[in-house]
Amino acid sequence: MCQLLGMNCATPTDITFSFTGFAARGGLTDRHADGFGIAFYERRGARCFIDSAPSSDSPIADLIKRYPIKSRNVIAHIRKATAGVVELENCHPFMRERWGRHWLFAHNGDLLDFDPPLRGDHLPIGQTDSERAFCYLLERLNGRFGLREPDNDALFEAVAEVTAELTVFGIFNFLLSNGRCLIAHGSTRLYHLTRQWPFTQAHLVDADVSVNFADVTTPDDCVSVIATLPLTDNEQWQAFATGELIQFVEGRVHARRIVPIPEAVQQRNRANMSVL
């Protein structure tokens, strides 16, 4: 099973500290060694780095750890392949354009027997159920809003409806962003943490690295981090409730709701998690 990392901020912030710990899980402290990707928003555009090599020993991952790219929305993913070959085309996050801005999506889980017909607005390049789910989601948004880009609240409502459709197919933990907000869904396992003034010190789980955020932040900064498993061992991470969908804006929780998952699907998800 893959792992997710997301960041939403009030002011442009770098993710080098969190990514250092996260990247170690791609083959060093964990077994997610089938590729990785990370994407940073800069206004409407996004710069995306992907590699089919493990993040623990990828030169691209080393660059990201040393290069403090500042962004208000970041999505990263380390892959344990369950659908699709280990190739660049199957590495998350996936990126598409809609309403004159880039959209990013990364998924952790398996959607069983998920093969909906697509109109062709957006088509998968690789073979993953994750990319097909992203194309389907964007297609549904296109059909609902047409040429009118939705605001944050309308977008959250629409994503909640599509999420309810897709969770019946299996484990559907995901991160989605359009550069204005970040939406995260936890169907089995996902955590989040908000750092704000007064900032304190944090220590990584996967590397003996600490940082005192009070030394590098201001009272205007506020950062929410989302991860499959907590990245630090001295902060209070909050677990997503089963089926919880959260929208982060300006570094804080903006909206949240529970998207019901049928009990039979929950039981199947728990069984699938137990053998991973």
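**Exercise 1. Strand pairing in the sheet**

Which residue of β14 is the bridge partner of Gly186? Then place that pair in the sheet.

*Solution.*
- Step 1. The model is predicted. Look up Gly186: Glu244 in β14 is its bridge partner.
- Step 2. Widen the view to the strands. β8 covers residues 182-186 and pairs with β14 in the antiparallel sense, over 5 bridges.
- Step 3. Place both strands in the sheet. The order is β5-β6-β7-β8-β14-β15, an open sheet of 6 strands with antiparallel pairing.
- Step 4. Find the edges. β5 and β15 each have a single partner strand, so one side of each has no neighbour in the sheet.
- Step 5. Add the twist. On average, neighbouring strands here are turned by 20° against each other, direction ignored.

**Exercise 2. Helices on the sheet**

Determine which strands α3 lies across and which strands α4 touches.

*Solution.*
- Step 1. Take α3. This helix lies across β5, β6 and β7 (173-177). Its angle to β5 is about 15°.
- Step 2. Take α4, residues 152-166. This helix packs on the sheet and touches β6, β7, β8, β14 and β15. Its direction makes about 155° with that of β14.

**Exercise 3. The nonpolar cores**

Describe the largest nonpolar core and find which element gives the most to it.

*Solution.*
- Step 1. Start from the general trend. Nonpolar side chains tend to be buried together in soluble globular proteins.
- Step 2. Size the core. The largest one holds 31 residues. Trp103, Leu141, Phe174, Leu176, Ile183 and Leu245 have the most contacts inside it.
- Step 3. List the contributors. β6, α3, α4, β7 and β14 give two or more residues each.
- Step 4. Pick the top one. α3 gives the most, with 8 residues.
- Step 5. Inspect one member. Leaving out residues up to four places away in sequence, Leu141 touches Trp99, Trp103, Gly146, Leu155 and Ala158.
- Step 6. Note the other core. It lies apart and has 23 residues, including Phe49, Ala76, Ile78 and Val225.

**Exercise 4. Ala76**

Is Ala76 buried or exposed? Work out its surroundings.

*Solution.*
- Step 1. Locate the residue. Ala76 sits in strand β4, residues 71-78.
- Step 2. Apply the cut-off. Buried means under 20% relative accessible area. Ala76 has 0% relative accessibility, so it counts as buried.
- Step 3. List contacts beyond four places in sequence. They are Gln3, Leu4, Leu5, Phe22, Gly37 and Ile38.
- Step 4. Check a distant pair. Leu190 is 114 residues away along the chain, and the C-alpha atoms of Ala76 and Leu190 are 14 Å apart.

**Exercise 5. Backbone features in loops**

Identify the cis bonds at Pro93 and Pro198, then treat the positive phi values of Asp113 and Glu250.

*Solution.*
- Step 1. Take His92 to Pro93. This peptide bond is cis, with omega near -5°. Pro93 lies in the loop between β4 and β5 (94-98).
- Step 2. Take Trp197 and Pro198. A cis peptide bond joins them, at an omega of about 0°. Pro198 belongs to the loop between β9 (191-196) and β10 (201-203).
- Step 3. Turn to Asp113. Its phi is near 55°, positive although the residue is not glycine. Its loop runs between β6 (101-108) and α3 (129-145).
- Step 4. Turn to Glu250. Its phi is also near 55°. Its loop is between β14 (244-249) and β15 (252-258).
- Step 5. Classify both by accessibility. Exposed requires over 50%. Asp113 has a relative accessible area of 78%, so it is exposed. Glu250, with 35%, is partly exposed.

Key: Residues are numbered from 1 along each chain as its sequence is written. This is a predicted model: local features need pLDDT of at least 70, side-chain atom pairs count only at pLDDT 80 or more; totals for chains, interfaces and linings use all residues. Side-chain values use heavy atoms; hydrogens and water are left out. Helices (H or I, at least four residues) and strands (E, at least two) are DSSP runs, numbered from the N terminus. Buried means under 20% relative accessible area, exposed over 50%, partly exposed in between (1.4 Å probe, protein chains only). Contact means heavy atoms within 4.5 Å. Two strands pair if DSSP finds at least two bridges between them. Axes are lines fitted to C-alpha atoms, for helices over the stretch in contact, and angles run from 0 to 180 degrees between N-to-C directions. A nonpolar core is a set of buried Ala, Val, Leu, Ile, Met, Phe, Trp, Tyr and Cys residues joined through side-chain atoms within 4.5 Å.
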